[in-house]
Structures are given as C-alpha cells and as structure tokens.
Amino acid sequence: MAAGMFEILCVCVMILWLLYYYLTADFDYWTSRGINGPKPIPFFGNIAEFMLGKNCLGNFYKKIYDRYTKEPMVGLFLRGNPALMLRDPDYIKQVLIKDFTVFSDRDGKVYEKADPMSMHLFRIDAARWRPLRIRLSPVFTSGKLKDMFHLLLNCSDHFEKYLNEIVPKDGIVECRDLTSKFTVDVIGSCVFGIEMNALKEENNQFQKMGRRIFRNTLKSFLKNILKEIPWLYQRIGYILDDHVVTKFMTNLTRETIEYRKQNNIRRHDFIDTLIDFKDNPEKLGINHITDELVAAQAFVFFAAGFETSSTTMSNAMYELAKNQSIQEKVREEIKDILKSSNGEILYDDIKKMSYLDKIFQETLRKYPPVMYLTRKPLQDYVFEETKITLRKGLRVIIPIYAIQNDPNIYPDPDVFDPERFSAENVSQRNAMHYLPFGNGPRNCIGARFAINQTKVGLIKVLMNYKIDVCEKTQIPVLAPLSSLMLQTTHGIYVKLTKFT
C-alpha cells in the first residue's frame, strides 16, 4: 500500500515538474539575447494584472515602457510566450515599413467557428489580407470620399437639427452618446447605403449594436483572457461569442446585398465591393466566400467607424471645454473659411482648416483609440546592426499610447497643445512617434474617411454652440481596466450653450 502511494506521489511530482517546465521553458529567451525586461512568473508571464482583470494591456505596456526608459526594446512574456516591445523609432520603422514583407501579419488570430466576426481585414492573416486590402482600398480614395461628401453633409445637417431639438435647458449632454448617433448615421449612409436613423430614433438598433460590440462585460473579459490560450479558445470560444452581434451583422449584410441585386442597384461603394467578393471569390484566391466572411468586413468598418470617430469627437469636445482660448481660435478659423461659401461646408474647405487639423491630431495624440499595435514575423528575423533574433511568429508590440504620452517626446503630455502639430514641430519629430492610424502598408484603410467624419461633426458643434465644463464633467478622464481600446470609465459630460 505504501509503495503504491509513493508511486502515485512520484507521478504527481513528475506531472507538476513537466507542467512547470512547459510553462517556463522559454523564460530565458530574452536574457540569452541580452534584452532587459521584467521577470516572468509561471502561467502568467508578465501579464498577471491583465489576466486577473486589474489592468488592460494598453496601460500595462505603458507601465513597462515608462519603466525601461533607456532600453530600445524590452523583452516580455505573455503567459509563457516571449514578446518584444519596441521603444526605438528606427526599430519600429523596420517593422512597420522597411521590412513590412516580413512583418505583414498582425497578432490577431482568426477563428472561423469560435468567433466568425474575427475574419476581418484588421485581423486576417497576411496571405488573405493582401488581396482583400487591394480590392477594398478604391472605396476610400480621395475621389470616392469627395463623391460621398454630400452624404456626410446630409448627415451633419441632421446632426445639427438633432442638437437643436435635444440639448436640454441646462445644456448638459453626454458626448459619447451624442456623437455615436452621428457616426452611426454617417457609416450607414456613406459605407452601407442605408438610412440607419440613429438621430431620429431613441434606442436605435444600430447604435445599440455599436455599444454592444465595445461594452465591457464579464463575458468579454473572459473572451479576451481565453484568447491568450489559442488552442482552448478554438475549441470552446464559440460559447463566449456574442451571437446577437454575429447574427445581426450577418443578416444585415446578406439582406443589403440581396436587396441591391434584386433591384439592380449599383453605388460603386463598400457594399458593391462585397457583392463583387461574393460573386467572384477567385479574386481573393479562395474557392468559396461565406456569408460570415463577407459580414466580418462589414462588421469591422461599422465597429471602427462607430467607436473611434465618436470617441475622438467626444475627447475633442472635452478638451475644448477645458481650453476656451483654443476653442475660440478654431471657431474663428472655421467662420473665416466658411464666409466665402455662405456657411456651407465644402470638401476643399476641410483641408484649409489647419488649426482644426492640429486639434484633431492633438486629440489623437493624447487619446489614441487603439492603444498598441502588434506584428508577427513570417520567418526568423534579425534586427539590423544587432544580433537580436526573433523567432517566426513571435509577437512584436508597438505601444502607441505610451509613445504618444512620453514626456521626452511630447513635453507635458497631459497638456492639450495643438501647436505640437505645427509644421515646424512636426518636422523635428520622428514620424514613428505619432501612430494613431498605424503606418506602412497595413495602416488604417479608413483614416481619411474618419478624419472627414470627425471634423465635419466638430464644425457643426462649434458653429452652433459654446462648449463648457460643468458639474458632471469628470477631470481627468480615466481609461477602464478591462478595455483593450482607450475608452473612458464614465460618460464625457459637457455643457452646450447655443449662440443666438
């Protein structure tokens, strides 16, 4: 009996030892290469705070970035997997631009069954990304944006009318709810060719879906944690998928495509491009395109257009409320430029508003919606003029939020200063130190659309209202612990006073 118990104990010890070895086998990866970084612990690596829900990855990366100020790169461990954070702009440029062919893969994995909406342009693997990007890019050329500008203006007129109707007597509004109604209608009209009517309907289903995509719940937290264990997520992740969003986006895309085909409608827009994908899968190098794959492309453009632009508008309104002199200066610029067109916003006028552009860029500098970028080498890689080797598939992290709030790059980063983006100041700064839309071939495909959408919305607010802080304005704005994007833990409240 004693001998049997001893054998069981030995087996248990052996299993624990093998598990420990498996979890820590790579823990010498960075020290053997002379790369400094925080010491990992079994199972968690360096991301215990994230896995326990005490911090988000964007804030964690900033914490590490601020800690290793003299290092060009920092070695991390995401659970047991080595990952490299880049601080030096030359290395960042190598990854995003110079050696893009090696780093054309993002870190995000695609799970066709567990997470059907993950099969989109932002996350899809490099092989499928390239033909998809080539065929989607013409939808967002300057010519196409100019053609659809009248649709954007029509939505902005509805936005102006909506403001006149709903701003209460005390003038206090919640910016994110307000601006998301506008961005939903713009995305619907310009990208999908659908009247989404978020400005006309309370509890609009499209706005509700947008909020649902980015809400922080226990289910979404568990989903993000489980993705750190890909083999397990592949098998049980479907349980955590938001089936309501998946079904909504799949049905919306399918029904929109069917309606256009049945009525012979051609708008040469995003939906028409998806129809072309569906009818000609060989253009993407595959034999069959599922409804879910098509819907995933619609999903990412709807989600990105809804959240990033509305958040940027809200953050800009918040900063303008705190900085009245900046607000007055940009309002005067807008008035001066619109005089020649009797107050009508023309496409070419947007480019003339240089101070508005500085405000837009400074807002994205301080509050980048995407807090970090990730890339993976498609083959083993050695950084130039070093002996630092990366294994194929190893995660490379570019901490946008940390870089753009680094006092050594942007003095007094908490201060909102649009003049950081004067031509002189920009010329003195490395281009890799400002990455709200990424950089290189895999940058944000909808950047110019987002810029126009956000600026037109701000123009409508500034031309009609003075923006002030109020008793409900929370200063400073704080990011939540569980979000992977830079969102606030609370509403952004300001006071709007209409000009008479």
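**Surroundings of Ser 341, the cysteines and a four-stranded sheet**

In this predicted model, Ser 341 is in contact with Leu 346 and Asp 349, when its neighbours within four places in sequence are left aside. Ser 341 belongs to a loop, namely the one between helix α15 (324-338) and helix α16 (347-352). The relative accessible area of Ser 341 is 11%, and the residue is therefore classed as buried, the cut-off being under 20%. The side chain of Ser 341 also has a polar partner in the backbone: one of its polar atoms lies 2.5 Å from the backbone oxygen of Glu 344.

The cysteines were examined next. A search of the whole structure finds zero disulfides. For Cys 155, the nearest cysteine sulfur is that of Cys 190, at 5.6 Å. A disulfide requires two cysteine sulfur atoms within 2.5 Å, so Cys 155 is in no disulfide. Cys 175 is likewise in no disulfide, the nearest cysteine sulfur being that of Cys 470, 8.9 Å away. With a relative accessible area of 5%, Cys 155 is buried. Cys 175 also counts as buried, at 0% relative accessibility.

The model further contains an open sheet of four strands, arranged in the order β1-β2-β7-β4 with mixed pairing. The edges of this sheet are formed by β1 (73-78) and β4 (373-375). Each of these two strands has a single partner strand, so one side of each is left without a neighbour in the sheet. On average, neighbouring strands of the sheet are turned by 30° against each other, with direction ignored. Strands β1 and β2 (residues 81-86) run antiparallel and are joined by six bridges. Within this pair, Val 74 stands opposite Met 85 of β2.

Two helices are described in relation to the sheet. Helix α3 (residues 57-67) packs on the sheet and touches β1, β2 and β7 (395-398). The direction of helix α3 makes an angle of about 140° with that of β1. Helix α4 (residues 89-98) lies across β1, β2, β4 and β7. With respect to β7, helix α4 runs at about 120°.

Conventions. Residues numbered from 1 in each chain as written. Predicted model: local features only at pLDDT ≥ 70, side-chain atom pairs only at ≥ 80, totals over all residues. Heavy atoms only, no water. Buried < 20%, exposed > 50% of the residue type's maximum accessible area, 1.4 Å probe, protein only. Polar contact = N/O pair within 3.5 Å; in protein donor to acceptor, adjacent residues only side chain to side chain. Contact = heavy atoms within 4.5 Å. Pairing = 2+ DSSP bridges. Axes fitted to C-alpha atoms, helices over the stretch in contact; angles between N-to-C directions.
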